[in-house]
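This briefing walks through the chain shown below, from its overall layout to its largest pocket and a few chosen residues. Please keep the structure in view while reading.

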Amino acid sequence: YNPPPLTPSEALRLKHQHLQSISVLSDQFGAKIVDVSENSVIVELTAKTNRIVAFLNLVKPFGILKSAQTGKSCLHVRAS
């Protein structure tokens, strides 16, 4: 099945709906949208692994171009 090509206004409406959906999901997971371009959105999420996996599964239908996880990190502060 090959759907007919979208008109420019339909494509813009669909893009806006996708961005809105990603924004809502980001808010629900406590994530932050750090950059938006014409064809992509960068989302930053700090959470436990199972929460990150759940978020990725929910946004997977929008098309994930790249995902990076840094793992655990800590900050050592020396008392003065």
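Where is Thr7 found with respect to H1? Thr7 is found in the segment before H1, in a model that is predicted, and with a relative accessible area of 36% this residue counts as partly exposed. The points below move from the chain as a whole to its largest pocket, and then to individual residues.

**Overall layout**

- The chain holds two helices and two strands, and read from the N terminus these elements follow the order α-β-β-α.
- The radius of gyration of the chain is 17 Å, whereas the globule rule gives 12 Å for 80 residues, and because the first value is well over the second, the chain is more spread out than a compact globule.
- Along its principal axes, the C-alpha trace of the chain spans about 65 × 25 × 20 Å.
- Among contacts in the chain with a separation of 6 or more, 28% are made by residues 24 or more positions apart.

**Surface and burial**

- Of the 80 residues of the chain, 11% count as buried.
- The accessible surface of the chain comes to about 7,200 Å², and carbon and sulfur atoms account for 56% of that area.

**The largest pocket**

- The largest pocket has a volume of about 1,200 Å³, and of the 36 residues that line this pocket, Val41, Ile42, Val43, Phe55 and Lys66 are the closest to its centre.
- Helix H1 (8–29), strand S2 (41–44) and helix H2 (49–59) each supply at least two residues of the lining of the largest pocket, and H1 gives the most, with six residues.
- Sorted by class, the lining of the largest pocket comprises 17 nonpolar, 13 polar and six charged residues.

**Ser26 in helix H1**

- Ser26 is found in helix H1, and its relative accessible area of 1% is under the 20% cut-off, so this residue counts as buried.
- Leaving aside residues up to four places away in sequence, Ser26 touches Ala31, Ile33, Val43 and Phe55; two of these partners, Val43 and Phe55, are also listed among the residues closest to the centre of the largest pocket.

**Asp35 and Glu44 in the strands**

- Asp35 has its place in strand S1 (residues 32–36) and is partly exposed, with a relative accessible area of 39%.
- When residues up to four places away in sequence are not counted, Asp35 touches Ser40, Val41 and Ile42, and of these partners Val41 and Ile42 also appear among the residues closest to the centre of the largest pocket.
- Glu44 lies in strand S2 and is likewise partly exposed, with a relative accessible area of 43%.
- Glu44 touches Ala31, Lys32 and Val34, again without counting residues up to four places away in sequence, and the C-alpha atoms of Glu44 and Lys32 are 5.1 Å apart in space although the two residues are 12 residues apart in sequence.

**A C-alpha separation from Thr7**

- Thr7, in the segment before H1, and His18 are 11 residues apart along the chain, and their C-alpha atoms are separated by 17 Å.

Terms used: Residues numbered from 1 in each chain as written. Predicted model: local features only at pLDDT ≥ 70, side-chain atom pairs only at ≥ 80, totals over all residues. Heavy atoms only, no water. 1 Å grid on protein atoms, 1.4 Å probe; cavity = no way out; pocket = protein on both sides within 12 Å on 5 of 7 lines; lining within 4 Å. Points joined across faces, edges and corners; volume = space filled by probe spheres on them. Helix = DSSP H or I, 4+ residues; strand = E, 2+ residues; numbered from the N terminus. Nonpolar A, V, L, I, M, F, W, Y, C, P; charged D, E, K, R; others polar. Rg over C-alpha atoms; globule rule 2.2 N^0.38 Å. Buried < 20%, exposed > 50% of the residue type's maximum accessible area, 1.4 Å probe, protein only. Contact = heavy atoms within 4.5 Å. Areas by Shrake-Rupley, 256 points an atom, 1.4 Å probe, with all protein chains shown as cover.
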